[in-house]
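Dear colleague,

I am passing on the structure we spoke about, and my notes on it follow below. Please read them beside the coordinates.

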Amino acid sequence: MSVVETKVPAGFVPVYTRPKALSDKRFTYCPGCDHGIITRLVAEAIDELGIQERTVGVAPVGCAVFLYEFFRCDFAQAAHGRACAVATGIKRANPELIVFTYQGDGDLAAIGTAETVHAANRGENITVIFVNNQIYGMTGGQMAPTTLPGMRTTTTPEGRDLRSTGYPLKISEMLAQLDGPAYITRQAVFDVRHVQMARKAILRAFRNQLEGKGFSLVEIVASCPTNLRIPPAEGVRWVKEQALKYFPLGDLKVRE
Amino acid sequence: MKVLMRGNEAMAEAAIRAGCRTYFGYPITPQNEILEYMAAHLPAVGGACVQAESEVAAINMCYGAAAAGVRTLTSSSSPGISLKMEGISYLAGARLPVVIINVMRAGPGLGNIAPAQGDYFQATKGGGHGDYRLIVLAPSTVQEAAELVMLAFELADRYRVPAMILADGMLGQMMEPVELPPPIPPERIPPKPWALTGAKGRPPNVVSSFDLDPHRFREILRGLWDVYRQIQRDEVRWEEYQTEDAELVLVAYGTMGRICRTVVRRARREGLRVGLFRPITLWPFPSEPLRRLSARVPVFLTVELSAGQMWEDVRLSVDGRAQTPFYGELGGVVPTPEEILNEVKKYVRG
Amino acid sequence: MPPKGMVVIDKDRCKGCGVCVATCPFGVLALSPEFNRYGYNVAAMAAPEKCTGCTMCAQMCPDAAIEVYLYRPAKEAV
Ligand SMILES: Cc1ncc(C[n+]2csc(CCOP(=O)(O)OP(=O)(O)O)c2C)c(N)n1
Ligand code: SF4
Ligand code: SF4
Ligand code: SF4
Ligand SMILES: [Mg+2]
């Protein structure tokens with residue numbers, strides 16, 4: 001069995017290639033991490049819309065902190081939780097730019113809740129990619145506001161106790177109640193069909209911005225196999241059997 | 001042509017004339033007029049004013065706007081500036097030129113809205129985390145406030161560092177005739193090839209304060225400190241008033257500097273040889289001129305609307321060559337010229 | 001008759017997570033015993049003749065390491 005087929009024989013044409021919006025840098029995510037799929041989907045959307053030269057990304061603090069290295073786009077690295085405020089500043093300074101944030105659940109739904117809610121409520125014309133892996137991945141697996149009931153984390157060693165730590169925060173449902181946002185949707189990437197749906201949602205969230213429709217947020221229910229201490233393939237099961245119980249998929253708000 | 005303007009409004013108008021096209025702020029007394037002025041006047045010049053949900057959000061909006069290459073301003077008063085400190089540290093780390101106005105009020109805590117100077121340490125010694133400094137400019141009149149705002153934008157851009165105007169409630173609220181400087185033509189604002197304008201025909205630009213490699217990060221910070229040293233060399237500003245023959249020099253900045261000027265005049269009328277040394281840049285602090293002065297002046301009386309913060313820099317500069325007493329007020333109480341003159345008389349006789 | 005499709009796996013990007021192996025409906029892929037320079041067992045085509053070029057593996061790869069090709073000799077001639 002050959003390890004790598006480097007040369008493509010005559011007669012073969014490419015049908016799936018690495019997105020052009022991605023740089024040559026290897027992702028710094030763990031093996032099998034959903035962040036990698038989501039990062040690639042964002043790059044695919046940028047390619048498909050042909051907006052690489054006018055897109056500015058805002059990287060979070062979290063496992064996606066190095067996002068600016070993965071893209072061939074201009075990028076700002078934001079303080080933990082402040083990405084939506086930074087994106088607001090960029091977009092207001094230069095409305096011609098296509099501005100997106102990419103944030104984890106600790107970043108967006110804990111420390112950055114206020115910035116997120118108010119950017120959404122202002123109807124800020126930006127695109128937000130929200131990776132809900134129900135944990136603080138980067139800092140080693142502490143409880144996030146989205147951590148599932150009973151789920152073990154390094155700060156809930158006996159499992160998340162609802163009486164003392166509250167409930168998984170459904171930030172997308174909250175945002176969908178507001179008049180400001182144009183598009184709030186929850187997606188997943190655990191199989192090809194869902195990857196394709198997530199891809200369409202991300203595309204739509206960017207297209208909304210191009211059309212001036214306003215704040216669009218795509219939440220993606222993901223898993224962090226490293227901190228769940230499970231093989232990546234089981235991350236699929238985790239999302240399907242556990243996470244989706246609390247975070248059902250689908251569009252929560254669509255303003256035409 | 002002179003116009004009568006409130007300090008806060010003059011600073012806001014000066015910012016617009018300096019080419020500031022984005023403003024982000026959150027209401028807090030005694031600086032609300034800046035936000036209100038920007039809300040009324042920025043859109044007319046094609047700019048954007050956002051009333052943010054907090055000072056934290058506002059400073060991070062500035063981070064974004066400055067990263068996009070546009071001159072940007074935020075303003076607040078003491079409790080709000082505390083909230084901005086995280087963002088200011090990131091601005092310093094990411095080398096973003098933003099102008100921040102602090103119209104100081106009395107603290108700690110919620111304190112009150114009376115003028116005070118208790119944020120000197122916070123402004124000049126870092127305030128947020130990490131190894132950085134701000135350029136800190138302290139106006140003492142409405143005219144000077146307008147001019148220093150324009151200068152702050154220029155210096156922030158030239159050195160790619162955030163700059164702060166450290167004013168206080170008295171200056172912010174005071175109405176004075178002011179000759180506003182003419183607007184800066186857009187072509188005089190230096191280009192920003194590092195800004196996030198879309199990676200078209202060039203490699204991507206990244207604005208970040210993050211580097212996991214200690215050695216590489218050290219090199220970045222060494223570069224930053226080279227810039228700080230250049231600022232310390234070239235941008236020190238201060239004013240001396242009747243120091244030539246002085247037996248006692250008052251050291252005071254901002255509103256306190258203004259009151260001390262009155263004290264000098266009254267003291268001179270009584271035959272007391274009193275002068276004033278007024279730092280205009282609080283960082284870089286005018287240590288060298290103060291040190292020179294200390295070769296022939298026996299007493300430096302530092303006067304502040306605080307428990308004695310700039311006083312430490314005065315003592316470091318004078319370094320034991322002269323007496324360095326302190327007189328200050330707390331809690332938003334502003335000492336009268338008479339009270340200060342009585343203090344002066346403890347050290348000099350006519 | 002060459003296979004309908006083939007994949008090219010970027011050896012250095014692959015982290016051996018096995019997601020593509022689990023995804024391929026035709027059992028084309030497997031983790032090889034060989035390590036790349038980062039110490040990962042990289043994925044490779046174990047049964048290249050079965051590849052249909054459906055792109056499912058590439059869509060699921062978390063490291064954007066897979067490119068997919070289809071056998072289209074006519075198109076190439078154009
Ligand atoms: C102000 C501040 N507080 C805390 C941290 C430490 N910190 C870094 S990443 C992180 C949590 C990241 O979790 P999440 O946003 O869910 O991203 P993930 O790593 O799971 O993708 C925390 C708390 C920080 N960098 N800054
Ligand atoms: S820690 Fe978890 S979220 Fe972070 S890169 Fe690893 S698997 Fe992904
Ligand atoms: S999915 Fe990608 S990274 Fe994982 S084993 Fe397959 S090629 Fe390697
Ligand atoms: S392209 Fe389809 S058939 Fe070929 S290896 Fe990938 S998943 Fe299997
Ligand atoms: Mg997380």
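Strands S1(C) and S4(C) run antiparallel and are joined by 5 bridges, and within that pairing C:Ile9 stands opposite C:Ile66 of S4(C). Please keep in mind throughout that this is a predicted model. On S4(C), which covers residues 66–71 of chain C, there is also an antiparallel pairing with S1(A), made over 4 bridges, in which C:Tyr69 is the bridge partner of A:Pro14. The outcome is an open sheet of 3 strands in the order S1(A)-S4(C)-S1(C), with antiparallel pairing. Strand S1 (12–16) of chain A and strand S1 (5–9) of chain C stand at its edges with a single partner strand each, so one side of each is left without a neighbour in the sheet. Neighbouring strands of this sheet are turned against each other by 35 degrees on average, direction ignored.

This sheet takes strands from chains A and C, which brings me to the chain contacts. Of the 2 pairs of chains in contact, it is chains A and C that share the most contacts, whereas chain B and chain C do not touch, their nearest C-alpha atoms being 19 Å apart.

The other sheet I looked at is open and mixed in its pairing, with 8 strands in the order S10(A)-S8(A)-S9(A)-S5(A)-S4(A)-S2(A)-S3(A)-S10(B). Its edge strands, each of which pairs on one side only, are strand S10 (250–254) of chain A and strand S10 (206–207) of chain B. Within it, S5(A) and strand S9 (residues 216–221) of chain A pair in the parallel sense over 6 bridges, and A:Ile129 stands opposite A:Val218 in S9(A). Helix H1 (residues 34–49) of chain A packs on this sheet, where it touches strand S2 (55–59), strand S4 (98–104), S5 and S9 of chain A, and the direction of the helix makes about 175 degrees with that of S4(A).

Turning to the ligands, you may ask which protein atoms are donors of the magnesium ion (ligand 5). They are A:Asp105 (OD), A:Asn133 (OD1) and A:Ile135 (O), which lie 2.0 to 2.1 Å from the ion, and in sequence these donor residues are spaced D-x27-N-x1-I. A:Asp105 and A:Asn133 link distant parts of the chain, for they are 28 residues apart, with A:Asp105 in helix H4 (residues 105–111) of chain A and A:Asn133 in the loop between strand S5 (127–132) and strand S6 (135–136) of chain A. A:Asp105 has a relative accessible area of 1% and is therefore buried, and A:Asn133 also counts as buried, at 7% relative accessibility.

A:Asn133 appears again in the surroundings of ligand 2, among them A:Tyr29, A:Cys30, A:Cys33, A:His35, A:Cys63 and A:Cys224. Helix H9 (residues 225–228) of chain A gives the most to that shell, with 3 residues, and the shell as a whole divides into 6 nonpolar, 5 polar and no charged residues. Around ligand 3 there are 13 residues, of which C:Cys14, C:Cys17, C:Gly18, C:Cys20 and C:Cys61 come nearest, and the division there is 10 nonpolar, 2 polar and 1 charged.

In chain B, helix H1 (residues 7–17) is largely enclosed by the rest of the structure, because 9 of its 11 residues are buried. The buried residues of H1(B) include B:Gly7, B:Asn8, B:Met11 and B:Glu13, and just after H1(B) the residue B:Gly19 takes a positive phi of about 95 degrees.

Two further residues of chain B may repay a look. B:Asn60 is found in helix H3 (residues 55–67) of chain B and counts as buried at 1% relative accessibility; leaving aside residues up to four places away in sequence, B:Asn60 touches A:Ala79, A:Arg82, A:Ala85, A:Val86 and B:Glu86. B:Asp157 is found in helix H6 (residues 142–159) of chain B and is buried, with a relative accessible area of 9%. With the same sequence neighbours left out, B:Asp157 touches B:Arg71, B:Pro97, B:Ile189, B:Pro190 and B:Lys192.

With best regards

Technical notes: Residues are numbered from 1 along each chain as its sequence is written. Chains are lettered from A and ligands numbered from 1 in the order in which they are written. This is a predicted model: local features need pLDDT of at least 70, side-chain atom pairs count only at pLDDT 80 or more; totals for chains, interfaces and linings use all residues. Side-chain values use heavy atoms; hydrogens and water are left out. Donors are N, O and S atoms within 2.8 Å of the metal (3.2 Å for Na, K and Ca); water is not among the atoms, so sites may look incomplete. Helices (H or I, at least four residues) and strands (E, at least two) are DSSP runs, numbered from the N terminus. Buried means under 20% relative accessible area, exposed over 50%, partly exposed in between (1.4 Å probe, protein chains only). A residue is near a molecule or strand if one of its heavy atoms lies within 4 Å of it. Ala, Val, Leu, Ile, Met, Phe, Trp, Tyr, Cys and Pro count as nonpolar, Asp, Glu, Lys and Arg as charged, and the others, Gly among them, as polar. Two strands pair if DSSP finds at least two bridges between them. Contact means heavy atoms within 4.5 Å. Axes are lines fitted to C-alpha atoms, for helices over the stretch in contact, and angles run from 0 to 180 degrees between N-to-C directions.
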